[in-house]
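Good morning, colleagues. Please look at the sequence and the structure on the screen while I take you through several of its parts.

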Amino acid sequence: MSFEQIQLICVILAKIIFIIVPFLAVFRREWRYTMSKTAGILMGYLFFVCVLGLTCFRHFLSRPWLEMAWACTTMTTSILVCKWMVRTDWPVTIYSLFSF
């Protein structure tokens, strides 16, 4: 594993720890699933994003336009995953994620 790949995995983990987990903590009463199912969904999301990032984007990590595309893709999937796990309205979900 190269330094760029390790850095990409650390950014993905930081995003989940510092954005999605506080979001789930704030909206704990509106969860759709139990804690074990929510943890499984987050692990599946982590696996999906890491595999996608390491296979598709590893050759293009030095290009700034692709880094922006990667950031937009992961933020969109974060919004969709959080909306799937919590019973809130779209504007509340999007505003909360962007505030974190």
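Helix H1 covers residues 3–26, and at 1.5 Å a residue its 24 residues should span 34 Å; the C-alpha atoms at its ends lie 34 Å apart, so the expected and computed spans agree. I should state here that this is a predicted model. Along its course, H1 bends by about 25° at Ile16. Ile16 is also one of the buried residues of H1, a list that further includes Gln5, Leu8, Ile9, Ile12, Lys15, Ile19, Ile20, Phe23 and Leu24.

The next topic is the largest pocket. It holds about 270 Å³ of space. Twelve residues line the largest pocket, and Leu8, Val11, Glu67, Trp70 and Ala71 are the closest to its centre. Which elements give two or more residues to this lining? They are H1 and H3. H1 gives the most, with six residues.

I turn now to helix H2, residues 35–56, where Thr38 is found. Is Thr38 buried or exposed? Its relative accessibility is 3%, and therefore Thr38 counts as buried, the limit for that term being under 20%. Beyond its neighbours within four places in sequence, Thr38 is in contact with Leu24, Trp31, Tyr33 and Met85. Of these partners, Leu24 has already appeared among the buried residues of H1.

A second threonine deserves attention. Thr88 sits in the loop that runs between helix H3 (64–85) and helix H4 (90–99). Thr88 counts as buried because its relative accessibility is 9%. With neighbours within four places in sequence set aside, the contacts of Thr88 are Phe27, Glu30, Lys83 and Thr93. For Glu30 we also have a distance: Thr88 and Glu30 are separated by 58 residues in sequence, while their C-alpha atoms are 7.1 Å apart in space.

Thr93, a contact of Thr88, brings us to helix H4. The buried residues of H4 are Thr93, Ser96 and Leu97. Why do they line one face of the helix? Viewed down the axis of H4, the buried residues fall within an arc of 95°, so they line one face. The general background is that an α-helix has 3.6 residues a turn, so residues three or four places apart point the same way. On the other side of H4, Pro91, Tyr95 and Phe98 are exposed.

To close, I would return to the two threonines: Thr38, in helix H2, and Thr88, in the loop between H3 and H4. Thank you for your attention.

How values were computed
Residues numbered from 1 in each chain as written. Predicted model: local features only at pLDDT ≥ 70, side-chain atom pairs only at ≥ 80, totals over all residues. Heavy atoms only, no water. Helix = DSSP H or I, 4+ residues; strand = E, 2+ residues; numbered from the N terminus. Buried < 20%, exposed > 50% of the residue type's maximum accessible area, 1.4 Å probe, protein only. Contact = heavy atoms within 4.5 Å. Expected span 1.5 Å × (residues − 1). Bend = angle between axes of the 7 residues up to and from the residue. Arc of directions from axis to C-beta. 1 Å grid on protein atoms, 1.4 Å probe; cavity = no way out; pocket = protein on both sides within 12 Å on 5 of 7 lines; lining within 4 Å. Points joined across faces, edges and corners; volume = space filled by probe spheres on them.
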